[in-house]
Amino acid sequence: DFGPRFSTFERGWDLSLNYLYHTIDDPLIRFDPSEQRVLADYNRSHLLGGTASKPFGNVTLRSEVGLESEKRFLTPDTGAIVDTAVGSYVIGLDFSGWRDWFISAQFFQTYRFSNDTPDRSSQEQATLLVRRNALNDALTMEALCLYDLNNRDSLIQLHAEYAVATRVVLNAGADLFFGESTGTFGQFHDESRLEAGLTLSF
């Protein structure tokens, strides 16, 4: 894989332009009935993208856009392989105007340019992150919500970490899935979980 990256700072804006010739990390999974084996095929693609961000007082605007020249999908009905270009972008707002608080909201959209691709040609998701530090930064609490606008399902991740001492850290969290079983997150609605841990450093 190889590619250049150009960046500059203009009138308060952090700007970058990127190009990458690479292998798609997400393989196309197929089953070959003649040989009774599962095949994972990878393909090469050109990725062109850019980023832009700028602070406006306590709020920072972030944006990123990318165009993948070739990504492959398997049509569920026919089993045919579809090659298509894929465009995507994200717009985010970060707020840090309250002491010990950090709030970040993002909107994602991905668009497949071929009409032959399975499912929807456009997919949208939104995220909201809220983080709070307390007790002189010994305690960190965080809540992250991911919402799929197409399937109207969501994932909420809760996490808390408390430094009892320099070498002792307690943590607890939860992953909560909501929505119909056909959704991106709803398919895991029976897999919600709680977790707790202890970290000792030597």
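In what order do the elements of the protein run from the N terminus on? In this predicted model, the succession is β-β-β-β-β-β-β-β-β-β-β-β-β. The count agrees with that picture: the protein has 13 strands and zero helices.

The overall dimensions come next. The C-alpha trace spans about 60 × 50 × 40 Å along its principal axes. The radius of gyration is 21 Å, whereas a compact globule of 202 residues would have a value near 17 Å. Of the 202 residues, 25% are buried. The accessible surface amounts to about 13400 Å², and carbon and sulfur atoms contribute 55% of this area. Among contacts with a separation of 6 or more, 40% link residues that are 24 or more positions apart.

Aromatic side chains offer some local detail, with six aromatic pairs in the structure. One of them joins Phe95 and Trp98, whose rings lie 5.2 Å apart, centre to centre, with 80° between the planes, an edge-to-face arrangement. Phe95 itself is partly exposed, at a relative accessible area of 24%. Another pair is formed by Tyr111 and Phe113; their ring centres are 5.1 Å apart and their planes stand at 80°, so this pair is edge-to-face. Both partners are partly exposed, Tyr111 with a relative accessible area of 35% and Phe113 with 49%.

Charged groups also meet aromatic rings. The charged end of Arg112 sits over the ring of Phe73, at 3.8 Å from the ring centre. Arg44 likewise places its charged end over a ring, that of Tyr21, with 4.4 Å to the centre.

Methods
Residues numbered from 1 in each chain as written. Predicted model: local features only at pLDDT ≥ 70, side-chain atom pairs only at ≥ 80, totals over all residues. Heavy atoms only, no water. Phe/Tyr/Trp six-rings, centres within 6.5 Å; stacked < 30°, edge-to-face > 60°. Buried < 20%, exposed > 50% of the residue type's maximum accessible area, 1.4 Å probe, protein only. Lys NZ or Arg CZ within 6 Å of the ring centre and 35° of its normal. Helix = DSSP H or I, 4+ residues; strand = E, 2+ residues; numbered from the N terminus. Rg over C-alpha atoms; globule rule 2.2 N^0.38 Å. Contact = heavy atoms within 4.5 Å. Areas by Shrake-Rupley, 256 points an atom, 1.4 Å probe, with all protein chains shown as cover.
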